[in-house]
Amino acid sequence: MGIKLCSLSSGSSGNCVFVGNEDCGLLVDCGISGKEILANLNNIGVCSNAIKAVLVTHEHSDHIRSVGIISRKLGIPIYANTNTWNNMEDLIGTVKTENIRFFAVGEELEVGGIGIKSYSTPHDAADPVGFCFFYGNRKISIATDLGYFSETVKKNTSGSDMVMLESNHDIEMLKVGRYPYFLKRRILSESGHLSNEAAGNAVYELLQTGVREVLLAHLSKENNFPELAYETVKEILGKNNVKVDRDIRLDLAPRNSFSRYYHIE
Ligand SMILES: [Zn+2]
Ligand SMILES: [Zn+2]
């Protein structure tokens with residue numbers, strides 16, 4: 001049966017990822033409307049009854065927009081750490097007490113036979129995390145909203161069968177773009193977002209740990225182009241004698257629709 005992953009939407013206007021299989025589906029973040037999430041699940045052939053829980057990485061609006069709506073509509077629990085809960089509970093409407101689930105960062109959870117482990121990410125939210133998922137001897141990881149590719153992120157994502165990694169912006173586009181100075185500084189800081197260049201270096205590091213499949217995600221609309229993200233990462237790998245498609249598979253998560261549907265058997 002294996003484990004599957006599909007990004008239903010990715011970027012600063014909304015993030016949502018499906019992870020799971022026929023027995024159990026999980027949503028990581030619900031940053032687009034509930035309607036869009038349900039429509040995209042339907043598009044990839046996943047029945048909404050299969051969704052057993054929502055996991056929240058952090059409280060930024062592009063990650064929590066319909067967290068409460070999805071919990072109420074599907075009657076499923078929301079998992080978040082305490083700091084994230086405290087910072088999002090006023091924004092998501094009423095959630096049934098039994099559907100409020102806390103986890104400690106690094107604690108190992110299990111939902112519907114899927115192992116889940118969170119890890120800290122460098123980002124300007126209350127207590128942001130990324131997630132790793134385990135099924136049989138398979139592992140997939142999600143690492144977006146990263147100011148830099150920290151040792152903690154590397155340690156937790158290393159050896160994954162597949163990694164969904166942020167490739168947020170082109171540094172030059174951001175610098176000359178129309179964003180206000182404070183926002184540029186925020187994005188470029190160590191608690192902001194990962195540039196294409198930093199993503200390229202991170203992919204190379206991940207490759208050394210056995211990763212052969214990467215989905216580039218959370219691309220900025222203002223400060224990036226899909227081709228540019230892809231080519232920048234490819235070029236950095238090329239400088240290190242790594243060939244895309246021969247040594248590693250690289251893909252992009254679209255902003256407004258679903259990505260490639262990964263089946264990790
Ligand atoms: Zn985000
Ligand atoms: Zn964020």
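**Strands, helices and a zinc pair**

Me: Which residue in E11 stands opposite alanine 143?
Reply: E10 and E11 pair in the parallel sense over four bridges, where pairing requires that DSSP finds at least two bridges between the strands. Strands (E, at least two residues) and helices (H or I, at least four) are DSSP runs numbered from the N terminus. Across from alanine 143 in E11 stands leucine 165.

Me: What kind of model is this?
Reply: Residues count from 1 along each chain as its sequence is written, chains are lettered from A and ligands numbered from 1 in the order written, and side-chain values use heavy atoms, without hydrogens or water. Local features need pLDDT of at least 70 and side-chain atom pairs pLDDT 80 or more, while totals for chains, interfaces and linings use all residues, since this is a predicted model.

Me: Which residue of the hairpin of E9 and E10 takes a positive phi?
Reply: E9 (residues 129-135) and E10 are antiparallel partners, joined over five bridges. Cysteine 132 sits opposite serine 141 in E10. The hairpin has two residues between its strands, and the positive phi, near 60°, belongs to glycine 136.

Me: How many residues of E10 are buried?
Reply: Buried means under 20% relative accessible area, exposed over 50% and partly exposed in between, using a 1.4 Å probe and protein chains only. E10 is largely enclosed by the rest of the structure, because its buried residues number five of the six.

Me: Which residue coordinates both zinc ions?
Reply: Donors are N, O and S atoms within 2.8 Å of the metal (3.2 Å for Na, K and Ca), and with water not among the atoms, sites may look incomplete. For the zinc ion (ligand 1), the protein donors Asp62 (OD), His63 (NE2), Asp145 (OD) and His218 (NE2) lie 2.1 to 2.2 Å away. The zinc ion (ligand 2) is 3.4 Å from ligand 1, and the residue coordinating both is aspartate 145.

Me: How far apart in sequence are histidine 63 and aspartate 145?
Reply: Histidine 63 and aspartate 145 are both buried. Histidine 63 belongs to helix H2 (residues 61-64) and aspartate 145 to the loop between E10 and helix H5, so the pair links parts of the chain that are distant, by 82 residues.

Me: What distance separates the end C-alpha atoms of H8?
Reply: The expected span of a helix is 1.5 Å times one less than its number of residues. For the 13 residues of H8 (residues 196-208) that gives 18 Å, which agrees with the end-to-end distance of 19 Å.

Me: What arc do the buried residues of H8 cover?
Reply: The buried residues of H8 include Asn196, Ala199, Val203 and Leu207. The arc is taken from the directions running from the helix axis to the C-beta atoms. The buried residues lie on the same side of H8, because they cover only 165°.

Me: Which residue follows H3 with a positive phi?
Reply: Val67, Gly68, Ile70 and Ser71 are buried in H3 (residues 67-74). They line one face of the helix, because they fall within an arc of 165°. After H3 comes the residue with a positive phi near 65°, glycine 75.

Me: Which residues does asparagine 40 contact, its neighbours within four places in sequence aside?
Reply: Asparagine 40 has its place in helix H1 and, at 10% relative accessibility, counts as buried. Contact means heavy atoms within 4.5 Å. With those neighbours left out, the contacts of asparagine 40 are Leu8, Ser257 and Phe258.
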